[in-house]
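Student: I have a model open and would like to go through it with you. Could we start with the backbone and then move on to the ligand?

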Amino acid sequence: MGSTTKVRIAILGSGTGSNAKALCEAAKSSESAFSVALVLTTSSAAGMCGGKGENVDLEVIPASVKGEEFSTKLCSLLEQYRIDVLVLAGFMRLVSTKVLTYMSGHVVNIHPALLPEFGGQGMYGLHVHEAVLASGRTETGATVHVVTEQYDEGAMIGQTKVPVFPEDSPSSLQQRVKETEHKLYPVALNHYIRENFQDIVGSVPIAGISAVS
Ligand code: GRF
């Protein structure tokens, strides 16, 4: 028997919140190695799950809070909610050294392309898919990776390929990639946790890990 204790994650994003929702759904499974202890956003208008009527807390750090003040506020929430892994899902800014150090490097992100291609500053949202279409690639995908001080760098945790069709527009491609992201993110996160938090989740292999490609 493995331990029944789960790793506590906080999801941070300011987009439409579809990955946050997928992670919250995946966390309900008894096979999940993580529970969502907190959802964090910089925009109350964003579609992030959590808050009133849901069983996960939602905290808003207003978009006007930036730099050192943002990092201090974020670290204090991560401490308050005893977070083990900070999971970015549509967070557009760089994560500061202060936060990375506080989390002992346990910060992960998902990017809507096959990194190391189509990553870096300016590669977000539809810009990524426009660049993929302009390149003539017949394949794109999604990548889950460890976060560093640079955009979209850091060790890869999992990657899934997605076909590009001749009739694709940036938004049709974005939609297809997002559907893949929703499956990849929970699987890759479980894999990361199994590798890094055996003290919490035990050493029993977690179902679904073989799906990481
Ligand atoms: C996703 O495409 C993710 O790869 C990128 O930001 C987007 C967030 O979308 N980092 P959503 O808010 O989860 O729908």
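Student: Where does arginine 82 lie?
Tutor: Helices (H or I, at least four residues) and strands (E, at least two) are DSSP runs numbered from the N terminus. Arginine 82 has a positive phi of about 50° although it is not a glycine. Its place is the loop between α2 (67–80) and β4 (85–88).

Student: What should I know about the source of these values?
Tutor: This is a predicted model, where local features need pLDDT of at least 70, side-chain atom pairs count only at pLDDT 80 or more, and totals for chains, interfaces and linings use all residues. Residues are numbered from 1 along each chain as its sequence is written, and side-chain values use heavy atoms, with hydrogens and water left out.

Student: Which peptide bond is cis?
Tutor: Look at proline 116, in the loop between β5 and α4. Omega is near 15° for the cis bond, which runs from leucine 115 to proline 116.

Student: Which residue meets glutamate 117 in a salt bridge?
Tutor: A salt bridge has a side-chain nitrogen of Lys or Arg within 4 Å of a carboxyl oxygen of Asp or Glu, and the structure holds five. For glutamate 117, the N to O distance is 2.4 Å and the partner is arginine 137. The pair links distant parts of the chain, 20 residues apart: glutamate 117 is in the loop between β5 and α4 (126–135), and in the loop between α4 and β6 (139–146) is arginine 137.

Student: How far is the side chain of serine 18 from the ligand?
Tutor: A polar contact to the ligand is a pair of N or O atoms within 3.5 Å. A backbone N or O atom of asparagine 19 lies 2.8 Å from a ligand oxygen, and for a backbone N or O atom of proline 112 the distance is 3.4 Å. From an N or O atom in the side chain of serine 18 to a ligand oxygen, the distance is 2.5 Å.

Student: How much of the ligand's area does the protein bury?
Tutor: Accessible areas come from the Shrake-Rupley method with a 1.4 Å probe. Taken alone, the ligand exposes 370 Å², and the buried share of that is 88%.

How values were computed: A polar contact is a pair of N or O atoms within 3.5 Å; within protein, one must be able to donate a hydrogen and the other to accept it, and residues adjacent in sequence count only if both atoms are side-chain atoms.
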